[in-house]
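Visitor: I'm new to this structure and would like a close look at a single part of it. Could you pick a spot and walk me outward from there?

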Amino acid sequence: MFDTLTSRFETVFSRLRGRGRLSVEDVDAALREIRVALLEADVNLDVVTGLTGRIRQRAVGEELSRALNPAQQVVKIVLSELTTSLGGERLAVNYASEPPTVVLLAGLQGSGKTTNAAKLAQWFLRQGRSPLLVGADLQRPAAVEQLRTLGERVGVPVFSHRRGPVKAASASLAEATRTGRDVVIVDTAGRLAIDAEMMDQARRISKAVRPDYTFLVVDATVGQDAVNSAKAFHDTLALDGVILTKLDGDARGGAALSVKEVVGRPIAFASVGEKLEDFEPFHPDRLASRILGMGDVETLIDKAESAFEAEQATETASRLLEGTFTFDDFLTTMQQVLGMGNLRSLIGMMPGVPRELRGAEVDEGRIGRITGMIHSMTPQERAEPDIIDASRRQRIAAGSGCRPSDVKALVDQFKQMRSMMKGLGGLGGKRVAASRARSSASKRRGTGGRTTPKGPVPVSKAPLTLPGLEKGEWPGLN
Amino acid sequence: MTLLLAADLDGGGMTPLIVAGLVALAVALVVAAIVVLRRRRSRAPGAGDGATAVGDAADRVIGRLADRAAGAADVPAPSLRDRLSRARTALTGPLTSALERTSVSEEAWTEVTEALIRADVGLATSSEIVDSARARTGAAGDDPAAAKAALQAELRERLGGFDRSLARRGDGERPSVWLFVGVNGTGKTTTIGKLAKREADAGSRVVLAAGDTFRAAASDQLAMWAERSSAHIVRGAAGADPASVVYDAVESAAARGADLVLADTAGRFHTEQNLMAELQKVRRVADSGSGVVAETLLVLDATTGQNGLAQAQQFTEAVDVTGVVLTKLDGSAKGGIVVAVQAELGVPVKLVGVGEGIADLVPFDTSEFVDALFA
């Protein structure tokens, strides 16, 4: 639906190559595009204004380095500014000298407080703590039951009290001391920031438990209003941090930036899926590229890691690089890729994907037809596509309900891909130099593995051109 | 820092998992390329023209915004108003203040555009609306009254003209099924609870289908609502196939002579292909037995930003959404994304949730909504 910021910039800067400095006009032209991208990502209008002001300051007069084109140069500035805005200080959880350490969760209805209370409990459990979950949401029917079920699942006791949320919260401290739990996580009812009565209740709960950490749970799909509610919650509860939820969808999550700017407290955790394990400390750099529509390579890699069996994938990959990749390998890999989720959202996570691809409706039914065609091939044909002649094509087409020309297109493209990938195998020596240029991709675990985007680079040399994927055009990874 | 990271890289080498990632990228790209190349061949010319026009309009507004934004960088502190005073500002908000000057300037139109963007209408749609309103004003030029009328007329026209009634397609034998879909946490279960009460009070015999078998205690939550409206509820075990729960509910409704089944489903992201396929199955099954699906209602949270359009698109594509329920409109969020949803997909808002009470579910009113957009 949206163009990537880079492809917008390419147009803006196409006339600029070869000059040594960004002029004010060039920067302003780029800033217009940045504003569009940020607004489409649901960053609050006022926050957009502040941000672009800072970006302008940094970008005007910036000396152009030779390694990058102007578009990449500006993207780099934008990305670093966004990452700084989202990051800054990190939240380090210091446990109270006199247990229990109390954590209070608050937020709008449906932002995911109850689920994330359980996720947080599991996180503390893994830190070697023994948390207690407290159900102080007596507003929503069955909210406490939901918490109990989740508590059972993670193996954490749940405490509640029928005599009201404030009572439940305050009594939980004694309960924690009695049962030797050293972290108390209080789940509160969802409330609107403009609901004076409910906000007062939140204040009273907070007073009763004197939390060490108060987290605002914010949904990544939230729009412009995020600042209003965050401000109100901050004024009432003095927030210590933010938990960003529902990052498993394709929302850009610009609201996080708004909230961060308004509240000035770090985003501590991100919830990236429905499973209780899908909860992790927040990565500002990942969200920054996501907000700019530049893909989310690291999330993609994480997904790949869980979808692929390492050993089999290594084998497949080495065959790919040797040029002995077969249709069977292709089929298996394709199925694994599909297992990673919606193809369109996967494409969305890849940086630098050209607009034709990003905007395209990926009809997964067509993938079914490709599968059908491969299934209609004999094992020998799958291993050696070169033997597929007109009569074999006819048979495969009949077997899969396609036209012989479809089969031809598939086989041709398969062969192209195979020779492209074989070419890639010879690039090994350049890997270190190339990976240094994209070093930020490895920020997280330093496994050296974040060089994955290397994969499709040589695509640009083959007839199956994917414009925008040329070497060195990996924005945000420089 | 860069050096440090580079050192990390050099030490790590290629692990099998990286190879896995490489293959994933390569194949996903190739597959996508095949699909796109084929599609491009069959695509009718001129399909992209509309998008370009929108882009131009947006560009102009962004230019205006950019000019204005040059100075002020601070985020003004939004004040916490109670609902009443918020309702009052609806009449004195930016719309009025911008347009009740002696003459309508470029500046004023920019402020209007900003107000729309702040209401989550979205940049492209906001620009379109303002451009059309300006075109309408035409010869009247900078007369504030005319400008205001034009803007309101434009919005009402965009939002108006839809049948917002909730359809019943059943007959004496076959109950109507209303299926509720949406992403997590938008308020599907609560909406069903309120609606059950409303329809039961209006004389319908209602059966609730607890089709959210995924979220912990979702069916308990629905059961409590069922109690409040004395509706019959059909539940399945946790993790049960939602389609089977809905099927059982429909059969049970038919057997009891009930005329309406409200079917809950688990919240799911529109990007989760398998879960969307599951939803398609639920809809198919609900239609296949003794019942008939009369409405598929997308529950959309008023706080949702631009992602709401993607949600609506994907759900409509998957299960043919017939209407939107806009929830949580009692907060400070304006729900402006439904303007785009209705314009792009032709799916009207049918109900609005304005509070947690059982009576706080009301029909959508275009004029009220338009006024509130600028509050």
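**A leucine and the sheet around it**

Guide: Let's start with B:L159, which counts as buried because 21 other C-beta atoms lie within 10 Å, and the cut-off is 20 or more. Keep in mind that this is a predicted model. B:L159 belongs to helix α8 of chain B, which covers residues 144-159. Leaving aside residues up to four places away in sequence, B:L159 touches B:V339, B:Q342, B:T366, B:F369 and B:V370. Try another pair too: B:L159 and B:V352 sit 193 residues apart in sequence, yet their C-alpha atoms are 14 Å apart in space.

Now for the strands. Strand β7 of chain B takes in residues 349-353. Its partner here is β8(B), and the two run antiparallel, joined over 3 bridges. If you want one bridge to look for, find B:G353, which is matched with B:L361 in β8(B).

Follow that pairing outward and you meet an open sheet of 8 strands in chain B, with mixed pairing. Reading across, the order is β3-β2-β4-β1-β5-β6-β7-β8. At the edges are β3 (232-234) and β8 (361-363) of chain B, each of which pairs on one side only. From one strand to the next, the twist averages 25°.

Helices lie against this sheet. Helix α11 of chain B, residues 242-256, lies across β1 (176-181), β2 (206-209), β3 and β4 (260-263) of chain B. Its direction is at about 165° to β2(B). Then there is helix α14 of chain B, residues 337-345, which packs on the sheet and touches β5 (292-301), β6 (323-327) and β7 of chain B. The direction of α14(B) makes about 180° with that of β6(B).

Stay with α14(B) for a moment, as it has a helix neighbour as well. Helix α13 of chain B spans residues 307-319, and the axes of α13(B) and α14(B) come within 9 Å, crossing at roughly 35°. The crossing is right-handed. On the α13(B) side, the residues that meet the other helix are B:G308, B:L309, B:A312, B:Q313 and B:T316. Facing them from α14(B) are B:I337, B:A340, B:V341, B:E344 and B:L345. Sorted by class, this contact has 6 nonpolar, 3 polar and 1 charged residues.

How far should you trust the picture? Chain B has an average pLDDT of 76, and 70% of its residues score at least 70. Two stretches call for care: pLDDT stays under 50 over residues 1-25 of chain B, where the model has 65 contacts beyond four places in sequence. It also stays under 50 over residues 28-57 of chain B, with 33 such contacts in the model. For the complex, the predictor gives an ipTM of 0.75 and a pTM of 0.72.

Before you go, glance over at the other chain. Chain A holds 21 helices and 8 strands, and 58% of its 478 residues are buried. One piece to find there is helix α10 of chain A, residues 254-263: 10 of its 10 residues are buried, so the helix is largely enclosed by the rest of the structure. Among those buried residues are A:L257, A:K260 and A:E261. After α10(A) comes A:G264, with a positive phi near 70°.

Key
Residues numbered from 1 in each chain as written. Chains lettered and ligands numbered in written order. Predicted model: local features only at pLDDT ≥ 70, side-chain atom pairs only at ≥ 80, totals over all residues. pLDDT = per-residue confidence, 0-100. Contact = placed C-beta atoms within 7 Å. Pairing = 2+ DSSP bridges. Helix = DSSP H or I, 4+ residues; strand = E, 2+ residues; numbered from the N terminus. Axes fitted to C-alpha atoms, helices over the stretch in contact; angles between N-to-C directions. Buried ≥ 20, exposed ≤ 12 C-beta atoms within 10 Å, placed from the backbone. Left-handed = near helix turned anticlockwise from the far one by under 90°. Nonpolar A, V, L, I, M, F, W, Y, C, P; charged D, E, K, R; others polar.
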